[in-house]
Amino acid sequence: MVTAQPSLPLKSSLFILLLSLLLLHFRLSFRSSPNLTLTPDGIQPQATCSNYIVRFTGYKPASDHRSYLESNLRSEGWEWIQRHNPAAKFPTDFGLLSIRDSVKEAVIEEIERLGLVKDVSVDLSYNRGLLSGAFEDGKKRHGKIFTSMSFSEEKHSHYSDLSNSSINWSRHLLMQRSQVTSLFGADALWRKGYTGAKVKMAIFDTGLRADHPHFRNIKERTNWTNEDTLNDNLGHGTFVAGVIAGEDAECLGFAPDTEIYAFRVFTDAQVSYTSWFLDAFNYAIASNMDVLNLSIGGPDYLDLPFVEKVWEITASNIIMVSAIGNDGPLYGTLNNPADQSDVIGVGGIDYNDHIASFSSRGMSTWEIPHGYGRIKPDVVAYGREIKGSKISTGCKHLSGTSVASPVVAGVVCLLVSIIPENKRKEILNPASMKKALVEGAAKLAASNMYEQGAGRVDLLESFEILKSYQPRASIFPSVLDYTDCPYTWPFCRQALYSGAMPIIFNSTILNGMGVIGYVQNPPAWHPSSEEGNLLSIRFTYSEVIWPWTGYLALHMQIKEEGAHFSGVIEGNVTVRIYSPPPQGEKTARSSTCVLQLKLNVVPTPPRSKRVLWDQFHSIKYPPGYIPRDSLEVRNDILDWHGDHLHTNFHIMFNMLSDAGYYVETLGSPFTCFDATQYGTLLLVDPEDEYFQEEIEKLRDDVINTGLGLAVFAEWYNVDTMVKMRFFYDNTRSWWTPVTGGANIPALNDLLEPFGIALGDKILNGDFSINGEQSRYASGTNIVRFPRGGYLHSFPFLDTSESGATQNVLDSGTIKADSSILGLLDVGEGRIAVYGDSNCVDSSHMVTNCYWLLRKILDFTGSNIKDPVLFSESVKQGVPLYEDDNRLPSRRTDVNYSVYSAVTGKDLICRSDSRYEVWGTKGYNLQVRGRNKKLPGHHVIDLGRGLNSTYYTTRSRHPKFIKRSKGDSLGNKYLGLLYGDELDVPELVASHWLVPAVVAVTGFVLIFSIWRIRQKRRRRRRSGSGRLPNL
């Protein structure tokens, strides 16, 4: 009996050990082949070789570039790819290499050290299809994300920016569908003999059939794809060509005598590659094209080889016309390359002169956070139910900005033909043509400048401008009039006042005098009356204007002596531009540009009504995979709309303005504003880290200065982030979100001095407060809150990865109460925290919570306590507390300095701050260096903001990142599983720690039992008398 007793613990121990080993093996196996459902076709890709573009510093025959690499590279594992296309007979500035994935970092590093090499980039593929169509049910399709090409009819609807509703226009069209050419008066120019003759038109699209009966002047068809055909098998390229130059009586084009050069750059599967575009662009330059239409676009304005080649195209005096995008009615959805200042970006309208619902809206987001976006689109044209040529014969109707773009391209071809051929290159260029279009455009009454640009194209007005055009420089727009609403929205929505953050207006310089120009004298402000001296303007601008365009940004403040002034300030801003003399001239060309200002000024509002919006801590795509805020939206996984008051939060901005609030923007750290001037600091969906100085200053601002703090957070769950990763077939690497909807670990650091913390649940569901129905869409939960605060909780399902597991165990029926809204008095100030921002974000809003935002601002700014929100029933008698080790933690496998304006950067106040702190560390801080560096990560400096000079505007982020010696040990082991991939999730402790502990415990238990049995055996041998007593 006695000797048999240990066998039961032994069996139990063996069982525990076996179970632990199986569990550990399962966890590791699962993590070593993660998320197969998120890879293309559900198959784990086998990394072999990838294609890379090597750009050189000059043009040479491809054979010379190849010989240069072969004679200077010692590394193996790479191969030169011969490109057989029409550009092969011309010198080139790049080569295409196939590099084995296992040695890519070493090979690329060696290539980039070569003196004649400019840089190395992945050969991205472009997938043409609706932006949201790039992701289906949360899965990434092949190819780069690009906007839609029009292949079907678009429903008649118009978006109202004053509400979340759509207005149906189909029942009251003012005219029947007719020839789009007649709507612009093209027949008037035809009667004058202008038909587009001798104009070389490059159409980058899906190709064109040689024997198509609608075209009289197809000069050349070229194929740049890997398919052996020149024909259009999709119909889009044919339609675009028909709008530009078709001669069929049923669907006339604008310039039927235009010489058509059809560049087939997309396959039948609507896929293309950067290298195809680069070769085709080079061929267009060598062939001396006049106009180029590009009915494509996407959100990635950091695809450097593509963007810089577009600059080279326009610098070669080719007028590029491109669709602004079909991602409307959302704001901040401009597509590249149409968002570039040297390109004519085209939006779409319907026959009632209403902005089409599909047309993307501005502003540009390159310049955020330190600067301010430019006005885009440049112009709009009819883009709904336009007639064009079918693939082989006949006509059809299509809608989209990719239809509006060839409308403007056809107008441009017609305008080019009015200039004698021997003078065209002297007079016409991308800047002079854009000037003729924007100055001749008809402004639409009901739309703002970020919807319509200069307005609807007016062919006959632009014709009159070009007839007498002389090379000069100008500014677009040439007038900023605060009394012209809604056109000058958002400026006309909120007047200037003393003590405010600078109001930034970013205008575009169009230099028709030459491809390169310079600012001769600094810009100057000339007030038209004595009151104008109350306005102070500082300028940032392009010191070098190339190609053809630059920017002039006005940073406007009202001086202290204007604190009580109410009225209108008028005057002009002037800047003189000069360009080197062109061939045949001896003196430089110069021109004075004038920008007219008419500004409303009001007395400084009370502190309680002034709200400061934090723009600085927002991170967007590109360059990183910043995920969407609402996980319920599965067809648009990227957060790319700018997160700005005047992009996807524009409806909220209008609401706050209507409610009597004055909202200012902070694009610099928290040390750069004077808290005594503001009632509330508003943080919505922040993704970045915080300097320690910011944390300390905010604590003092709230507790001692009486600043209110309102936070609208978002989800954050590492397991869910891992689940959202996908294999990017272009870069042959895994893409994982660099953070959640918001950066909760950083936000918890900021809120820690107040005893507040957020968790990692992802909550979804409907709830009601005092009869107000709201939708909680992928919001987070509050897990720490002090005693005496007011905390609102509601039953929700946790849809995070860990929460979903628990839901399965609970049969998915239990909705646990989770705290989502907290309100707290802290010293002299007040804090409100809400765990979801989707209800104030126009992008994917289900229901708005503007009512809640107003009540929160009433509390934080004026200490007005709504009786429902501050009911005794929700007052905390005891603090809500969660241990530190259960709070969301940062991912250790992401090099955050690549994306952050904080990590590894200097704390400095930029030109979006008050003048007195420009270039300093901020208020009450000594000027000293301060870099924030996360443990285990090296520093990459992204440089200054885009709104400075030409040199800084052209800077880009590094493409390849070297791992530092400080990388964690976990990263090294991770490389054994996945290879050296960017943003691959590590096995965090929770993934392996529990099975390992259980396994070790089993071993210890077995060893202990074995020791006990050995001792007992020795005692029996020695005749111990204790055995009977046992």
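The following exchange concerns strand β26 and a four-stranded sheet in a predicted model.

Trainee: Is strand β26 (residues 549-558) largely enclosed or open, and how many of its residues are buried?

Mentor: In a regular strand the side chains alternate between the two faces of the sheet. On one side of β26, Thr549, Tyr551, Ala553, His555 and Gln557 are buried, and on the other side Gly550, Leu552, Leu554, Met556 and Ile558 are buried as well. The strand is therefore largely enclosed by the rest of the structure, and the number of its residues that are buried is 10 of the 10.

Trainee: Which residue of β26 is the bridge partner of Asn506?

Mentor: Strand β22 (residues 503-511) pairs with β26 in the antiparallel sense over 8 bridges. Within β26, the partner of Asn506 is Ala553.

Trainee: Which residue of β26 stands opposite Arg538?

Mentor: Strand β24 (residues 535-541) runs antiparallel to β26, and 7 bridges join the two. Opposite Arg538 in β26 stands His555.

Trainee: Which are the edge strands of the open sheet formed by 4 strands?

Mentor: The order in this sheet is β2-β3-β1-β4, with antiparallel pairing. An edge strand here pairs on one side only, and the two are β2 (78-80) and β4 (117-122).

Trainee: What angle does the direction of helix α7 make with that of β3?

Mentor: Neighbouring strands of the sheet are turned by 30° against each other on average, direction ignored. Helix α7 (residues 274-286) packs on this sheet and touches β1 (49-60) and β3. With the direction of β3, the direction of α7 makes an angle of about 160°.

Terms used: Residues are numbered from 1 along each chain as its sequence is written. This is a predicted model: local features need pLDDT of at least 70, side-chain atom pairs count only at pLDDT 80 or more; totals for chains, interfaces and linings use all residues. Side-chain values use heavy atoms; hydrogens and water are left out. Buried means under 20% relative accessible area, exposed over 50%, partly exposed in between (1.4 Å probe, protein chains only). Two strands pair if DSSP finds at least two bridges between them. Axes are lines fitted to C-alpha atoms, for helices over the stretch in contact, and angles run from 0 to 180 degrees between N-to-C directions. Contact means heavy atoms within 4.5 Å.
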